[in-house]
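Reader: I'm new to this and would like to go through a protein model step by step. Can we start with the empty spaces inside and work outwards from there?

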Amino acid sequence: MASRFGNSNSIWRQPLAVVGIVIISFWVFAAIFAPLISPYDPLAQDSDKFLTPGALHWMGTDELNRDIFSRVIYGARISLPYSILLVVLSALLGSIIGGISGYFGGRIDAIIMRLTDMFFAFPAIVLAMAVAAALGPEIRNAVIAITIVSWPVYARLVRGLILNAKQNDYVTASSLLGSSSLRTLVVDLRPNLAGPVFVLASLEVGNALLLLSGLSFLGLGAQPPAAEWGSMVSMGAVNFDRWWVGLFPGLAILSAVLAFNFIGDALRDALDPRTAKALRD
Amino acid sequence: MKPVPAKVSVFRKILRGTGFFPFIVKRVLTSILLIFGMTFIAFSITQLVPGDPVAANLGQSAYSDPEIVAAFEKEFGLDQPVPVQYLRYIQKLSQGNLGISLSSKRPVNEDLKEYFPATLEIALIAVVIAMILGLVLGTLSAVTRDRLPDQIIRVVSLTGVSMPTFWTALVFFYVFFFLLGWSPGTGRLDPGAEPPPQVTGMFTIDALINGDFATFRQAFSYLLLPAIVLAIYALGVLTRFTRASVLEILGNDYVRTARAKGLPEFTVIRRHVLRPALLAIITVAGVSFASLMAGSVLVENVFSWPGLGQYAYRAAVGLDLPGIMGVSMVVATVYITMNLIVDILYRVIDPQLRKAEQ
Amino acid sequence: MTLLSVRNLTVTLMTGSGPADAVRNLSFDIERGQILGIAGESGSGKTMTALSVMGLLPYKGKASGSINFDGQELVGFKPRDFRRIRGKDVAMIFQDPMTSLHPMLTIETQLTEHLRHHRKVSKSEARARALELLDTVKIPDPKTALKAHPSQFSGGMRQRIAIAMALACQPKLLIADEPTTALDVTVQAGILKLLDELRKSQNLSVIVITHDLGVLSALTDRIMIMYAGAEVESGLTSQVLTRPRHPYTRGLIDALPDSGADGKRLIAIDGMPPELGKFPSGCAFHPRCSFAQSECKTGVPNKVDIDGSRRIFCSVDPFDTSDSSAGVSR
């Protein structure tokens, strides 16, 4: 894969990508060592409420006097793994569907491509809201709901790449050597697909995190009392005059999404131009 | 060969043709098919996932009363087998009837007539803001490539697409309403104010039609903040896209020709670069207009803006399939129409494409 | 009278692996009303030479040495200074007329915009001049042509329009970069004839850049052969083409389809021209030269100067038919 990304060190020469990697490393560290970093139990409440940020509570406390700093740290345990899971699921689903479409071609391809057209025309968040509401408000269901609406981009990419590769000699060569279609698809083509799909996925993690926290903000994702960034912002919306309640969890989302986008952008730029173009189309 | 009826052959001729008119006919037909296909997907998905719309729309006590449940199911046709429900829905849809909403108990058409213009109003302002600023920033970024302005603009636009809109809405609301008092607050008009007589449903335009400038000013002051918040994401997208297309066009031979003529750089950019880039930028603006409308769900929630997003949210929570479908139809129609308009624009503006078409 | 005098021009470009010299220590002159041909394979630095005169070097490209144009020193010119002379005193036409004209602007706009900018003429004056120009380059029905877009013309017609554009402000120097390469052979002759007529009627100096020696033999007064960014041989066209002295020039001429009158090829040039940034040491041509000696690998090629009008950069000089030491300067 190193050759697909040109110089394998090139990511490290892009300052923004390095900033992104540092931020993500910080959040991964925070997620793993949350109990050690957090000064308070994220769920501990008492009779006080809405303490302003200060020496005792760096980011203040919320309506149940829970320490917002501790909750933001613990929030990394929900937002990061679930948005990565979500991207992995939709990349897998999309790649399989796109693979079938591109490999078999003909009528199957036509049907699948019309299907993806329809999904593109659908307002993703409306469909995701409906599915999440039907499955019941829970973070796992929000992940499923968003997966259902976000696979088509991967399907389109993989189909395009396979159609390109089909014209290449080595696919013809390997079918001449008698390997079965499925083997050709899985073994011979996978290395050529892995790079672009990985880059697209890295570009999509930010979007996934935004959608996921958006559903939680609307009450269709993580449920109280879980410390999830999106639902914490929704408490800030209810108590908008207490600026700290919504500000800090929102900044957490922003920093993580921005970091993922920095990395994704740099990865795309490091790809060879032809594949990068396929990603943009 | 069997003789083909005249009517069919004309129709076939249109479908097989490559001219401008057949092109539009073809596009409209595929768009309609696309919409019907979407109803099937929405129906299938909502049937595949568990969820009881009856429970979602009836209170706790009413739900325990089998008679009320049966009456509710009968009223909305939920007692029928799923394929029958779908066929009935399609039958009504082909007459332009989107059914009765389970959550509002009113015809979805009526609901949309009320909520859609409110969202259209902020989305239109947002897309105009985003397009103008995106064009300026993206071009500036491209012509100062890799230098300081470019780097700043790139980070800012990436930040724009990375901000959670619901949080941006909250921050803006706090700053411009609570701290500075510049914004009048939530809703579309002052509490108790009379909306202008409905023509388009967009209060600013209706007020202008009515010659009521006070109401226009008021409506505009209410919609500005949600529109700006909505514009931020689209601005990031459009800036990045403008930068990419301007950079691509800057590499063209005809730009070198323009420079070889000793024209001022501003003229080169405006006349030789932006003119062709504009097409691509309008395309993306048009398509992002639809996603802007869908994205308004989160913004409307914060600003209590009585639009499509709020309606979609209530429909989703109430497992109100006609309502969800209604919103999706509207947004998809906007998406498809925008694509169609853009395709037509391409053929009108670009003489090369027009020539290729002939 | 000398219009353009280039001395020790070096053009440095930014490549993926650092700065590299695309043009190396190049010197040449052009008199008024003269046509100079610059020939060489792609990557030999001929286009970069032209672009440095225009001030249109690629991003992060830099010229050093001296370019004296009509009494002005162009090396060190600011972009603003270049814009003042570009299109007005020095104009350029490019290789591919299918891409060098703007597809969305009318011929009138493209013919008159720089005229109006540089000469501050009115719209109607500019239009009159445009009609005259189209007539000069022999476009039929100039009035209709003004309203048309480039897509409505053939390649040859488009190149004529490009020439008309370049001539709009009556420049002193016209640089034509591969003006006929993208055109059909039958169309080429017409464009070359046009350039020759213009030179006579407008006392225009022209630099023609090409890899096609056939084009040069018909048109130019003098030619310069370039290889790997440096001059290998220059002189009067008739002399250089009939009695080439540098092995590379010889190879180029032998490679022409109608050459080899004496029955067999003397030299075939094997291999590929070197890439930018990977120019060989010593004489850059030595890896492909069948006459190369050990000194060619390290030492700078010897400059042979004959009567001040002919130069050969070769330490071996295998085709020297004159007195052995005549005019050798270093």
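Author: Sure, and we'll need one term to begin: a cavity is a set of grid points where a 1.4 Å probe fits but cannot get out. Keep in mind that this is a predicted model.

Reader: How many cavities of 30 Å³ or more does a search of the whole structure find?

Author: The search covers the whole structure, and spaces below 30 Å³ don't enter the tally. With that cut-off, the number of cavities is three.

Reader: What about the largest cavity, how much space lies in it, and which elements give two or more residues to its lining?

Author: The largest cavity holds about 80 Å³ of space. Its lining draws on chains B and C, including Thr257(B) and Ala260(B) on one side of the list and Met92(C), Ile93(C) and Met165(C) on the other. The elements that give two or more residues are helix 12 (253–260) of chain B, plus strand 6 (90–93) and helix 7 (155–167) of chain C.

Reader: How do the residues of that lining divide into nonpolar, polar and charged?

Author: Lys261(B) is one of the lining residues, and Lys counts as charged. Gly87(C) lines the cavity too, and Gly counts as polar. The full split is seven nonpolar, three polar and one charged.

Reader: Now the cysteines: why is Cys296(C) in no disulfide?

Author: A disulfide needs two cysteine sulfur atoms within 2.5 Å. The nearest cysteine sulfur to that of Cys296(C) belongs to Cys283(C), and because it is 5.9 Å away, the pair doesn't qualify. Cys314(C) is in no disulfide either, with the sulfur of Cys296(C) as its nearest at 6.1 Å. Over all chains, the disulfide count is zero.

Reader: Are Cys296(C) and Cys314(C) buried or exposed?

Author: Buried means under 20% relative accessible area. Cys296(C) comes out at 7% and Cys314(C) at 8%, so each of them counts as buried.

Reader: Which strands of chain C pair with strand 12, and which residue stands opposite Lys303(C)?

Author: Strand 10 (residues 230–236) pairs with strand 12 (residues 310–313) in the antiparallel sense over two bridges, and there Ser234(C) has Arg311(C) as its bridge partner. Strand 11 (residues 303–306) is also antiparallel to strand 12, over four bridges. In the hairpin of strands 11 and 12, Asp307(C) takes a positive phi near 55°. As for Lys303(C), the residue opposite is Phe313(C).

Reader: Last one: how far apart do the C-alpha centres of the two domains of chain B lie?

Author: The domain assignment gives domain 1 (6–94) and domain 2 (108–317). Their C-alpha centres lie apart by 32 Å.

Technical notes
Residues numbered from 1 in each chain as written. Chains lettered and ligands numbered in written order. Predicted model: local features only at pLDDT ≥ 70, side-chain atom pairs only at ≥ 80, totals over all residues. Heavy atoms only, no water. 1 Å grid on protein atoms, 1.4 Å probe; cavity = no way out; pocket = protein on both sides within 12 Å on 5 of 7 lines; lining within 4 Å. Points joined across faces, edges and corners; volume = space filled by probe spheres on them. Buried < 20%, exposed > 50% of the residue type's maximum accessible area, 1.4 Å probe, protein only. Pairing = 2+ DSSP bridges. Domains from an automatic or database assignment.
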